[in-house]
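Subject: Handing over a structure, with notes

Dear colleague,

I am passing this structure on to you, and I would be glad if you could look through it with the notes below at your side.

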Amino acid sequence: MPLAPTASYQVEFFSHQETAIAEHTDLHLAARAPSMAVANVVIAGAAVAEHGNGIVMLGHETHAASSGFRVGLNATNRTVPNGSPYSQADYDAYVQRKLDAGETPSSPEDYVQRRQELDQNRADGTRRQEQYRQEMTDIHGEENVLTERFLRNANGDVVRDPVTGEGRRLDCVVVNGQCGYAAEVTSPTVDKTQQIRKETNIRNAGGTFVQNPRTGELIELENTSEIIRLE
């Protein structure tokens, strides 16, 4: 006996439309569908099928807005462009995180572009830090240049910003005896106000030391990080 569909919202049915479907081995839909009346559409059950060469979903799977249905819009393409350095699984996981947070995910094209921008920024940041570290090493010697060091108190404990609850890891510390000089390496235009504010809060809370990973000794810092801007 056929089961009657259930819905928590008014459902609007559309007449049959011829739909061109491209077969994909990753099982992601390449079809477009009529606009939906609600934000989230969920189909569940042991099997849902359309007669003929239609869509078949087996097992107790739930297919929700990650299939591409949005309010007042046609179903969007959720396939990562060919040649993308990021996998379909990466994008699908991103979409699910956005939906779980009640946010609208970016299109695959925008997602790929933003990921590439972030990766490039990260690579540029690593290059700048290495450039500055090498310059300081040439002047002071490798044993006197520390990188990626957390601010700690006189007992060696990591101190967190009382406002954000976060610690502060310094880009570079040049050691001079028992004292150190801190630097924050960045691009010519990035605003570092929040990072320096957090660092100031931590210093005021007693976090004025870093630990030398080679010797284990605590190095007291003379300054809040100087901003070093490199291309």
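What follows is an account of what was found, going from the whole chain to its helices, its cores and a few single residues.

Please keep in mind that this is a predicted model. The chain has 231 residues, of which 29% count as buried, and its accessible surface comes to about 15300 Å², with 50% of that belonging to carbon and sulfur atoms. Three helices and eight strands are found in the chain, and along the sequence they follow the pattern β-β-α-α-β-β-β-α-β-β-β. Among the contacts with a separation of 6 or more, 61% are between residues 24 or more positions apart.

To begin with the helices, helix 1 covers residues 88-100, which makes 13 residues, and from its first C-alpha to its last it reaches 18 Å, close to the 18 Å expected at 1.5 Å a residue. Its buried residues are Q88, Y91, Y94 and V95. Because these buried residues fall within an arc of 125 degrees when helix 1 is seen down its axis, they line one face of the helix. They pack against helix 2, which covers residues 108-140, while A89, R97 and D100 are exposed on the other side of helix 1. After helix 1 comes G102, whose phi is positive, near 75 degrees.

Helix 3 can be described along similar lines. It is made of twelve residues, 193-204, and reaches 16 Å from its first C-alpha to its last, close to the 16 Å expected at 1.5 Å a residue. Here K198, E199, I202 and R203 are buried, and since the buried residues of helix 3 fall within an arc of 135 degrees seen down the axis, they too line one face of their helix. What covers these buried residues includes strand 4 and strand 7, whereas Q194 and N204 are exposed on the other side of helix 3. Helix 3 is followed by G206, which has a positive phi, near 105 degrees.

Turning to the interior, in soluble globular proteins nonpolar side chains tend to be buried together. In this model, the largest nonpolar core is made up of eleven residues, namely L146, L151, V159, L170, V173, V175, A182, I202, V210, I219 and L221. Strand 4 (169-176) and strand 7 (218-221) each supply at least two residues of this core, and the largest share, three residues, comes from strand 4. One member of the core is V173, and, leaving aside neighbours within four places in sequence, V173 is in contact with N144, V145, L146, G180, Y181, A182, V210 and L221. There is also a second, separate core of nine residues, which includes V145, C172, A183 and I228.

What about the cysteines and possible disulfides? A search of the whole structure finds zero disulfides. C172 counts as buried, because its relative accessibility is 4% and the cut-off for buried is under 20%. C179, at 31% relative accessibility, counts as partly exposed.

Two further residues may help you to find your way around the model. The residue F150 lies in strand 3, which covers residues 145-150, and it is partly exposed, with a relative accessible area of 32%. Not counting residues up to four places away in sequence, F150 touches V158, G167, R168, R169, F209 and V210. With one of these, G167, F150 is 17 residues apart along the chain, and their C-alpha atoms are separated by 7.0 Å.

The other residue is S225, and it may be worth asking whether S225 is buried or exposed. S225 lies in the loop between strand 7 and strand 8, the latter covering residues 226-229, and with a relative accessible area of 7% it is buried. Again not counting residues up to four places away in sequence, S225 touches R168, L170, A182, A183, E184, I196 and E199. Among these, L170 and A182 are members of the largest nonpolar core, A183 is included in the second core, and E199 is one of the buried residues of helix 3.

With kind regards

Terms used:
Residues are numbered from 1 along each chain as its sequence is written. This is a predicted model: local features need pLDDT of at least 70, side-chain atom pairs count only at pLDDT 80 or more; totals for chains, interfaces and linings use all residues. Side-chain values use heavy atoms; hydrogens and water are left out. Helices (H or I, at least four residues) and strands (E, at least two) are DSSP runs, numbered from the N terminus. The expected span of a helix is 1.5 Å times one less than its number of residues. Buried means under 20% relative accessible area, exposed over 50%, partly exposed in between (1.4 Å probe, protein chains only). The arc is that of the directions from the helix axis to the C-beta atoms. Contact means heavy atoms within 4.5 Å. A disulfide is a pair of cysteine sulfur atoms within 2.5 Å. A nonpolar core is a set of buried Ala, Val, Leu, Ile, Met, Phe, Trp, Tyr and Cys residues joined through side-chain atoms within 4.5 Å. Accessible areas come from the Shrake-Rupley method with a 1.4 Å probe; for residues, only the protein chains shown count as cover.
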